[in-house]
Amino acid sequence: LRPDASKYPAAGAVKDVSAALLIDHENAVASGTGFFINAKGQVLTAAHVIHDCVQVDVKRDDKTFPSKVTTSSNLLDLAVIDTDTPVTRFLPFRKTYEIILGEAVTNVGFPLQKILASTPNLTRGNVSSRGALAGSVGQFQFSAPIQPGSSGGPVVSDGGELLGITV
């Protein structure tokens with residue numbers, strides 16, 4: 001026997017369920033790092049940071065901005081999140097895209113959010129290789145220590161230019 005749709009109509013649709021009802025905002029399952037890339041309030045992060053998230057919020061200082069993922073690439077491990085909140089401070093990309101072997105870099109992240117304070121963690125190091133895994137393109141290695149939760153954070157030159165993203 002098959003259920004009769006006229007006798008047992010659907011009570012609702014999945015699209016009608018609010019994601020907010022499924023989320024415990026006080027005890028987030030995961031967190032990562034991202035940073036503003038333009039005055040429009042768009043945030044860049046690693047795609048694996050937001051993978052399988054029901055909702056993505058951006059927190060800056062003590063404010064939380066509802067946001068939406070506008071584009072994501074698992075291949076590149078990059079995601080752009082739109083906060084619809086204009087900002088005055090953001091990281092500019094290096095214009096030449098050149099990575100210099102040995103140059104000093106700073107990694108910024110918010111690792112281990114349930115253990116460490118919710119302030120930025122800055123680590124210093126150097127570009128240790130202009131390449132990464134065999135066959136990878138556009139990746140480089142640096143010697144600044146990172147921890148879980150640092151993913152998606154910027155790797156910045158001493159001139160304040162964005163060189164890459166921690167993955």
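Start by selecting Asp61 in this predicted model. Asp61 belongs to the hairpin of S3 and S4, where two residues lie between the strands, and its phi is positive, near 55°. Now extend the selection to both arms of the hairpin: S3 and S4 run antiparallel and are joined by four bridges. For one opposed pair, show Arg60 and Lys63, the latter in S4.

**Either side of the hairpin**

Walk back along the chain to Val54, in the loop between helix H1 (47-50) and strand S3 (57-60). Is Val54 buried or exposed? Val54 is exposed, with a relative accessible area of 57%. Add Leu22 to the view and draw a line between the two C-alpha atoms: Val54 and Leu22 are 32 residues apart along the chain, and the C-alpha atoms are separated by 8.2 Å.

Next, go to Ser67, which sits in the loop between strand S4 (63-66) and strand S5 (68-73). Show its side chain together with the backbone of Val56: a polar atom of the Ser67 side chain lies 2.6 Å from the backbone oxygen of Val56. Which residues does Ser67 touch, leaving aside those up to four places away in sequence? They are Val56, Asp57, Val58, Ile81, Asp82 and Thr83.

**The four-stranded sheet**

Switch to a cartoon view and colour S1, S2, S6 and S5. These strands make an open sheet in the order S1-S2-S6-S5, with antiparallel pairing. At the edges you will find strand S1 (34-36) and S5, each pairing on one side only. Look along the sheet for its twist: neighbouring strands are turned by 25° against each other on average, with direction ignored.

Zoom in on S1 and strand S2 (residues 42-45), an antiparallel pair held over three bridges. Pick Phe36 here and look across to S2, where Val43 is its bridge partner.

**The five-stranded sheet**

Now select S9, S8, S7, S10 and S11. This is an open sheet of five strands, ordered S9-S8-S7-S10-S11, again with antiparallel pairing. Strand S9 (141-142) and strand S11 (162-165) stand at the edges with a single partner strand each, so one side of each has no neighbour in the sheet.

Inside this sheet, follow strand S7 (residues 104-109) alongside strand S8 (residues 121-129): the two pair in the antiparallel sense over six bridges. A good residue to click is Thr106, whose bridge partner in S8 is Arg124.

**An aromatic stop**

Stay in this part of the chain and show the side chains of Phe140 and Phe142. How many aromatic pairs does the model have? The count comes to one. That pair is Phe140 with Phe142, tilted, at 6.4 Å centre to centre and 55° between the planes. Both Phe140 and Phe142 are buried.

**Zooming out**

Finish with the whole chain in view. The secondary structure comprises one helix and 11 strands, and from the N terminus the elements run β-β-α-β-β-β-β-β-β-β-β-β. Colour by accessibility, and buried residues make up 33% of the 167 residues. Turn on the surface, and the accessible area comes to about 11,400 Å², with 57% of it belonging to carbon and sulfur atoms. For a last look at how the chain meets itself, consider the contacts between residues at least 6 apart in sequence: 57% of them join residues at least 24 apart.

How values were computed. Residues are numbered from 1 along each chain as its sequence is written. This is a predicted model: local features need pLDDT of at least 70, side-chain atom pairs count only at pLDDT 80 or more; totals for chains, interfaces and linings use all residues. Side-chain values use heavy atoms; hydrogens and water are left out. Rings of Phe, Tyr and Trp (its six-membered ring) pair if their centres lie within 6.5 Å; planes under 30 degrees apart count as stacked, over 60 as edge-to-face and the rest as tilted. Buried means under 20% relative accessible area, exposed over 50%, partly exposed in between (1.4 Å probe, protein chains only). Contact means heavy atoms within 4.5 Å. Accessible areas come from the Shrake-Rupley method with a 1.4 Å probe; for residues, only the protein chains shown count as cover. A polar contact is a pair of N or O atoms within 3.5 Å; within protein, one must be able to donate a hydrogen and the other to accept it, and residues adjacent in sequence count only if both atoms are side-chain atoms. Two strands pair if DSSP finds at least two bridges between them. Axes are lines fitted to C-alpha atoms, for helices over the stretch in contact, and angles run from 0 to 180 degrees between N-to-C directions.
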